[in-house]
Structures are given as C-alpha cells and as structure tokens.
Amino acid sequence: MMKMKTCLLAGVPALLVGATPALAQNATPEAGEVAADIVVTAQRRPENIRDVPIAVSVLSGDKISAVSEGGADILSLAGRTPSLYVESSNGRYAPRLYIRGLGNVDFDFNASQPVSVVLDDVVLENVYLKGFPLFDLDSVEVLKGPQGTLFGRNTTAGVVKMDTRRPGDHQEGQAQFTVGELGTIRAEVGATIPVSSTLSLRVAGLANHREDWVNNAYDASFTKQGKDLGGFDDVAGRIHALWKPDDRLSVLLTLQARSYRGTGTLNRANVLTTGSNKLNDRYDRDTVYYDGGRNNPQAQDTTSEALHVDYDFGGATLTAIVSAYQGSSSGRGDIDGGVLGTTAGSGTIPFNSETGTLSSDLDQQTYEVRLASNGETRFGWQVGAFYWHENFELISASWNGTGGLDPTVISQLNQKSDSWSVFGQVHYDVTDRLRLTGGARWTRDQRDLEAARTLGAPFADSRHVGDKQPSWDVSALYRFSPQVSLFGRIAHGYRGPSIQGRIATSNILTTADSETITSYEAGIKAATPDNRFRVDLTGYIYDLKDPQFTAIGGQGNFNQLINAKRGKGRGVEFEATAIPVRGLQFNGGISYNFTKIDDPDLLVAFCGAACTVRDPIVNVGTTRRASIDGNPFPQAPRWLFNFNASYTYELASGSKLYAQTDWVAQKDFNLFLYDATEFHVGTNFEGGARIGWRSPSDAVDVFVFGRNITNESNVIGAIDFNNLTAFVNDPRVLGAGVSFRF
C-alpha cells in the first residue's frame, strides 16, 4: 500500500495555508520541531493534502474569523486562495462564486452556478443559501476543477467545502468580540458541552451589526435626517448534537437558523464617465441620491435540519445524510441609482428603474447514502447514491420609481427541481509510491418553471428542461518522497440545464442546455521534512461545450440565458508557506486564469448608457449587437494575488506580542460579456492588519485591527442599461477586539 509516514489524523490543529500563527493560536515551531501536516477531506475521507490528486487550497476557521472581524461576509473570501473570486449585486444574501474564471453573473435567486458550496457535507444549491454567515468554522477547502464524481451536478468549476467545528469529548470553546467604525459590532462564540459519556453538544452563534452610515441626499418621504442606508443586523446560530454509544455508531444532528435585516447593494448613478473606468467626482462613498427603492431594504430568514449517521462495519463505513433547508427573503432597490431627470447629485437618469422581491420561499431537501472502505489498504473504494429536491417560489415586482408603497407590476415564478445520481470511486496503489484513482457518476436532472404576471399586462408561460449526464475523473499521484508528490488528473463534469425569466420587466423566458467540461491538470506538492516551507504548483487547461452564460442588462433590467458553442480556459496556480524562524511566517499565492468565449455567431445586447464598446458591432434588423467571440468570461480576473505575513514575539512572562497583515488583489477583468472601456476593471486590491497581545496560555487575545486599511474604493459591479452606474466594496473599518479560549 501507499506509504504515508506523515500525520493523517482528522482534527490535527494544522498550520493551514492562509492561516498565520496569531490566527491559528499556535506558535511557530522551534528549530528541530515539525509543523503539523494539512489534512483535507476533498475525497470524502481525511487525507494528507499531499496525497490528494486534486488542486486544493485551505483556509482555517481562525483565518476566516480574522478577515471577517470588521463585519465582512462571504465576499471576504475573494482572492484568499488562488483562482477563487466572489462578488454580489444582492447585498449580503446572494453571493456569486467563481473558480478558475468560471461562474455565473446571473443576479436572480433561481440562478444555477458552476461552483458548489458544501457545508458539513450538505450542498447549498440556491444562491441565497450560499450566503449563510461564516462562523465557528474548522476549515474551508477550495477544490479546483470539476468535482462531479463525489460532489455531483453544478461543480464544473469546483467546490467550496466548509466544515464547522463539531463536538468533542472535552469541554472547550472560543469567543471573539470586536467593535469598529460605522457602529460595527461583531460577536462570535462556539462551545463544546459534553452531556454524558456518549452525548456531546456544540453550540455556536454569530451576531453582526452595523449602523446606517450612508446618507440618501434626495429629499423624499422615506428619507430621514442623517444616515439612511448601509446598516445591517445579521444573527445566526447552530447546534450540533453528537451521540456515540459505541466505537461503531456516530449520529450527528445539526440545527441552524439565520435572521438578517439590512441594506442591499448601493447602486451609484453615473459615477463612471464615458471613456474611463475610474470613479469620477460624482462618487461619494457616504452619499447616494435615491428617489425609489425606499432605501434598499433586505430581509432573509433561513432554517435547516440535518442528520448525519456513520456506522463502522469494520472493513467499511456506511454514511447516511438527510437534510432540509427552508428560507424566505424580501428586498427592494433603486436600480438606476439616482433621481429621474438631470440633477447635480446623480447626473442624468433617463427613466426610473425600481424592482424588488416581495417574497421568495425556498424548500430544499437532500438525501445521500455512501459506503466506503476503511483503512490504508492498497485498494480503496466508495459507492453511493444522492437525491436533491428544491421548490422555489419568487414573487417579484417593479414600481414607478418614486418610492411608492404599491407596485405597478407583480410577477410570480414557481420552480421545481429534482436530481438523482449514483456514483463510485476506487483507488489502487500500484506501488508504494504510485496511486491510481478513478471514479464516475451518473446524474438525471429535471426542472420545471411556471411564470405569470398577476399585476400589469397579462402574461403566463412555462418551461421544462431535463438531462442525463455522466461525470468522471481519473488521476495518478506519485510520491517521490513523503514530502514531495506529483499528480495528474483528467476530469469531466457538467452543469444541469437552466431556466430563467424576469417577467416583472420583460416577456421572455429563456433556457440553457447543459454545459459540459473536460479538464486536464498536473501539479506538484512539496514541503521540507519539518513542514516549515511548503509549495504547491498546478497548471491546468479546460474545454467547455455549450457553456452557460447570462446576458444581463444591455437594453433593460432583465437577464437572458444563452449557450455559447465552446469556452476555453487555462492557467497556473502557485501558493507557498514559509516559516524561516520561530515566530515569523509568510504565505501567499498567485494565479493566472485565462478564459475565452469561442463562438463566432454569439451576439449580445450592450449598454444602453453611453459606454465605449470595444467589440465588433453587428446590425441585426433595427438593433445593434456586440460580437463577443474571443472575449474572456465575465467577472473572471486574469490575475489573483494574496499575501499574508505575521510575526509573534514572546515576552519573558510567556505572553506574546504579535503583528500580522493580509492583502488580496484582482487584476484585468470585464464586468459583462461584452468588452467596454467603462466596465473593464484594471486592478482592485484591499489589505488588513492586526496588532495584539496574547496571554501565556493563549487563552486571552486583545488586539486592534483594520480592514481595507487604505480605504480603497474598488468597483466590483455595474448597471449598464440606464446610466453608468457602479457599486463598490465595503469601506475601511478600524476597531478593537478581544478573544477568549476556554
């Protein structure tokens, strides 16, 4: 069998890639000591990261808490590992994730994405489930490339796999409290409570608050003196109950809930100027001018229940996971970002655009059963079956743009989706150094959507889509030594067919056929014997057939699904960790991600505002369209960078002083399918820092921090159909905090 001399135990307090010593609450090792190995579950079983033939990056839960200390949400993961990007135009409750340039810019709640989020072995399919707050996490693994064999449909780009801290045998816990500018308060706590020798609980919660800090300078009936927008209250909780009556049976019950109230994305009218992608003098981070949207309110409530059962038969372990998620949300926004007509504050707004969600109700259920071999045998295997069901109802509306209470148009979408699959994977150790792995999955998908306009011009329509597709992968991993491995992998996956219809603002339902991907990658994973220096390097190339894209905006506030003939991507990912001396650590990564649409016949509508399109323009009857053949995928940064550094100095008393900093940057990407000067992003970057003191036992940590310390205003998205509207990242937050371990 394959020799694995380094530590492979799940739960090892690994010094994770992206985690600094201060964040991980572990001192760096002294000369001669060995740093812990990184253990991942990318193949649904705990393994040393160097024994996994997949490009995987890992962030520790402490790292996530640190970058979130200023009130950030899941968007804070953008660029934290090579090839991972996250953005949203829906505030804090519907993120869009991208891996290796592949994602979906669709802003509606029933959109499908090629990046799957898996929380505690349960897939979060709907986009607003993916915005569940990050707290009491053990680790986040970013699995790059198609992962259809073990994780199923809609993983053509990859998987973001999140594992929370689970109950243990001993009472322990962590808590962190921070306060900062803009009335920001964040409290995160998690505690393990053994009830008996067989039953243990893990109770965790998060409270995230910010005061309104943005002024709506337009004098309307729904504005007030002072600050009107920008605030939020986001409260979430989780209970794990683990019952282990013996060494064979493990039963984990998980209950979760979230309640969120806040402000949606702040669209800022005419802050871009024709011929330039730079924010102009009309941009003021603290001020907007809205005559509609009633200050862009948002609300969301979600609950979930999951049961995870493992039974060890000796030679194999049977796993069964059943889960249910329920959710509801509402929101409203001034989409044009300004005041109708021409004003000094928001420039020229040719027509009002005000839309929102009166209600959206979600019911998701998943069922999975899996049987996997145990032990470090030469031949290993796992087989399983999976079923996913979703009911989704969306009632959306548009208003006349003056902030009135009664909508002028109401539409209703009812979408029902089902997916069945069976899968299996085997590995075989040809020698002590060479392991071959292969797997396959067969999936059947179907989706039905019914749409009707209940207020306004009558409209009703429906669509049905379905497909049956295989996913598979084969890989080889060769261990030159216990510290150096080389791997190669070929994977094929698919994203199921989709339906979309924004009938509050159009009379069009569109569909997209399944997209399929074949990916080729090879890489090396290496570390020194003491694990003080680690390097991962991966190169990849992929080919997409019938890639799904969303043509948003252009001539109106709607989106349409399209299939291109082909899409291509290639790139390189590099990340490294260095611990040159005790107390000092550096880590970081860089990725180059090239993407290309390959379809000479694909035309899309482009900006209704005065933008500078750099694509060939084609006349189609009385309309003009942009040819996007050869363009990169939208929201696909060509370059992603991240860098972290920390230094810890131990005092004579045994307490410690530390300083740390982290930086991320994205470079060279388009916001839309077409290429326009105004909607091309050159470079975005953002940095954070923390300085603190820790007690001798690391039980108490007192610190000051800064997020977005240079107060960068980064354009992360735009609205193109009305005026040159853009929206930006969160402002700088300086603050202080304290954390406890007990």
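Before I start, one term: a residue is called buried when its relative accessible area is under 20%. With that in hand, let me take you through this structure, which is a predicted model, beginning with a pair of charged side chains.

Asp121 is buried, because its relative accessible area is 17%, and its partner in a salt bridge is Arg44, with the closest N and O atoms 3.8 Å apart. Arg44 counts as buried too, since its relative accessibility is 13%. The two residues come from distant parts of the chain, 77 residues apart, with Asp121 in the loop between β6 (115-119) and β7 (122-124) and Arg44 in the loop between β1 (39-40) and β2 (47-48).

As a reminder for those who work mostly with solution data, side chains of opposite charge can pair when their charged atoms come close. In this model the count comes to 39 salt bridges, and I would like to pick out two others.

In one of them, the side chains of Asp445 and Arg153 meet with a distance of 2.9 Å from N to O. Asp445 belongs to strand β24 (residues 434-455), while Arg153 sits in the loop between α3 (148-151) and β9 (158-164), so this salt bridge ties together parts of the chain that are 292 residues apart in sequence. Asp445 is buried at a relative accessible area of 5%, and Arg153 is buried as well, at 10%.

In the other, Arg495 and Glu515 form a salt bridge in which the closest N and O atoms are 3.2 Å apart. Here the link runs between two strands, from Arg495 in β26 (residues 484-495) to Glu515 in β29 (residues 515-527), and the residues are 20 apart. How buried is Arg495 in terms of relative accessible area? The value for Arg495 is 0%, and Glu515 is likewise buried with a value of 0%.

Salt bridges also join up into a network, whose members are Asp62, Asp136, Arg165, Glu172, Arg202 and Arg741.

Let me turn now to the nonpolar side of the structure. The largest nonpolar core has 90 residues, and those that touch the most other members are Leu77, Val160, Met162, Tyr674 and Phe679. Strand β42 (residues 715-719) gives this core its largest share, namely four residues. Apart from this core lies another one, of 14 residues, which includes Val40, Ala42, Ile49 and Val58.

Tyr674 deserves a further word. If we leave aside its neighbours within four places in sequence, its contacts include Val604, Phe606, Ile628, Phe679 and Asp720, and among them are also two cysteines, Cys607 and Cys611.

Those two cysteines lead to the next point, and I will recall that a disulfide is a covalent bond between the sulfur atoms of two cysteines. How many disulfides does a search of the whole structure find? The search finds one, and it is formed by Cys607 and Cys611, with their sulfur atoms 1.4 Å apart in the model. The torsion about the S-S bond is about -55°, so the disulfide is left-handed. Cys607 counts as buried because its relative accessibility is 6%, and Cys611 is buried at 16%.

Next, the aromatic rings, of which the structure holds 21 pairs. Phe132 and Phe135 make a tilted pair, 6.1 Å from centre to centre and with 35° between the planes, and both residues are buried. Phe703 and Phe705 are also a tilted pair, at 6.4 Å centre to centre and 55° between the planes, and again Phe703 and Phe705 are both buried. Beyond such pairs, Tyr93, Phe109, Tyr128, Tyr260 and Phe392 are linked by ring pairs into a cluster.

Charges meet rings as well. The charged end of Arg238 sits over the ring of Phe135, 4.3 Å from its centre, and the charged end of Arg444 sits over the ring of Trp420, 5.2 Å from its centre.

I will finish with Phe386, which has its place in strand β22 (residues 379-398) and counts as buried because its relative accessibility is 17%. Outside its neighbours within four places in sequence, Phe386 is in contact with Val123, Thr366, Tyr367, Glu368, Ser419, Trp420, Ser421 and Arg441. From Phe386 to Tyr649, by contrast, the C-alpha to C-alpha distance is 50 Å, and the two are 263 residues apart in sequence.

How values were computed
Residues are numbered from 1 along each chain as its sequence is written. This is a predicted model: local features need pLDDT of at least 70, side-chain atom pairs count only at pLDDT 80 or more; totals for chains, interfaces and linings use all residues. Side-chain values use heavy atoms; hydrogens and water are left out. A nonpolar core is a set of buried Ala, Val, Leu, Ile, Met, Phe, Trp, Tyr and Cys residues joined through side-chain atoms within 4.5 Å. Buried means under 20% relative accessible area, exposed over 50%, partly exposed in between (1.4 Å probe, protein chains only). Contact means heavy atoms within 4.5 Å. Rings of Phe, Tyr and Trp (its six-membered ring) pair if their centres lie within 6.5 Å; planes under 30 degrees apart count as stacked, over 60 as edge-to-face and the rest as tilted. A charge sits over a ring if NZ of Lys or CZ of Arg is within 6 Å of the ring centre and within 35 degrees of the ring normal. A disulfide is a pair of cysteine sulfur atoms within 2.5 Å. A salt bridge is a side-chain nitrogen of Lys or Arg within 4 Å of a carboxyl oxygen of Asp or Glu.
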